Amino acid sequence: MKWFQEKLYKDYTQMFSVETLLHLGRTMYQDVMIFENAVFGKVLVLDGVVQLTERDNHVYHEMIAHVPLLAHGSARNVLIIGGGDGGTLKEVLKHPIERATLVELDGEVIGLSRRYLPTVSGGAFDDPRTNVLVMDGTQYVAHAKEQFDVIIIDSTDPTGPGESLFTEAFYAACRSRLRSGGVIAVQSGAPFFQPRELQMVCERLSGSFAGVRPYLAPVPTYAGGMLALVTAGETCDALRPPRKVLRERFAPLQGRTRYYTPEVHLAAFTLAPSFEPPSLGEDPMPAGYLKTGS
Ligand code: SAM
């Protein structure tokens, strides 16, 4: 039996049995491995880090897409940076939007995902509303003229090609691409192992957005089983609308999500104190909180 061992943390790792190796290679930007695992189905790994599995990716993709889109309530034009597997795109297209632009650095990730992980994108790349650009998201946001209602940063972690997507300047550029009432959502790592990443994202977004709120998604195959996301907009309240409003907005999607519900939306923002970044929490974390973080 062969095993894949994730190489994200120096003092902690997770391993997956490799039933079948489907692809192993290097693109212009990163190492790519796709294999079958008995528990999680097909697994996509970039530069030694698990990106998604067939079994639990819906939790992540539903939470990074439906939280900002239902907080906004009437998005027409959506931008996704990264997300080359198409999972976020598939969820975004469940909404009555006019256009979804996906800007993915690595075209080979799109090709390999379409070939080996077709259920993740579920035909989203062929939707007439989809516009795919293969380029660096920072370059696109810096030079594009288009305005968006929702921007989703579905990137790898802040190392390698993804690093430029975590800067204050990039968030400011995203802010300038958003229409009034616009909302952004950012993948922000595993809060238990990367509390500094979560705090950094919150602080850097606060430079451009008045309302910044972290929320959580339980994804078993992300180290620690919990992924932090951060959404930002004009006010904190706008990011977590009242239950009645969310239910009305969610009605057209009823039955088309497996994890997201309006109640899950509201609950996801209730962070255990140990996950609340000190810069945002009412009660600053006890001294030394971040000293234990990576
Ligand atoms: N769900 C995954 C997660 O939470 O870690 C992310 C999935 S997706 C595969 C991440 C994508 O971000 C990769 O395909 C990678 O090529 C893309 N990416 C990294 N840096 C980028 C950049 N500067 N511009 C556009 N896409 C980028």
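Between the two domains of this predicted model, 23 residues of domain 1 touch 23 residues of domain 2. Domain 1 covers residues 2-53 and domain 2 covers residues 57-290, going by the domain assignment. There's also a ligand to look at, and it takes at least three residues of its shell from each of these domains.

**How the domains are laid out**
- The split is into two parts, with domain 1 running over 2-53 and domain 2 over 57-290.
- Take the C-alpha centres of domain 1 and domain 2, and you'll find them 23 Å apart.
- The contact between them involves 23 residues from domain 1 and 23 from domain 2.

**Where the ligand sits**
- If you're hunting for the ligand, head for the largest pocket, since that's where it sits.
- Domain 1 and domain 2 each supply at least three residues to the shell around the ligand.

**Who's around the ligand**
- There are 24 residues around the ligand, and the ones that come nearest are Gln-30, Tyr-60, Glu-104, Gly-137 and Pro-161.
- Sorted by class, that shell holds 9 nonpolar, 10 polar and 5 charged residues.

**Polar contacts and burial**
- Gln-30 has a side-chain N or O atom 2.9 Å from an oxygen atom of the ligand.
- With Asp-136, a side-chain N or O atom is 3.3 Å from a nitrogen atom of the ligand.
- Asp-154 also puts a polar side-chain atom 3.5 Å from a nitrogen atom of the ligand.
- On its own the ligand would expose 600 Å², and the protein buries 98% of that.

How values were computed:
Residues are numbered from 1 along each chain as its sequence is written. This is a predicted model: local features need pLDDT of at least 70, side-chain atom pairs count only at pLDDT 80 or more; totals for chains, interfaces and linings use all residues. Side-chain values use heavy atoms; hydrogens and water are left out. A residue is near a molecule or strand if one of its heavy atoms lies within 4 Å of it. A polar contact is a pair of N or O atoms within 3.5 Å; within protein, one must be able to donate a hydrogen and the other to accept it, and residues adjacent in sequence count only if both atoms are side-chain atoms. Accessible areas come from the Shrake-Rupley method with a 1.4 Å probe; for residues, only the protein chains shown count as cover. On a 1 Å grid over the protein atoms alone, a cavity is a set of points where a 1.4 Å probe fits but cannot get out, and a pocket is an open set with protein on both sides within 12 Å along at least five of seven lines; lining residues have an atom within 4 Å of a point. A molecule sits in a cavity or pocket if more than half of its atoms lie within 2 Å of its grid points. Ala, Val, Leu, Ile, Met, Phe, Trp, Tyr, Cys and Pro count as nonpolar, Asp, Glu, Lys and Arg as charged, and the others, Gly among them, as polar. Domain bounds come from an automatic or database domain assignment. Contact means heavy atoms within 4.5 Å.
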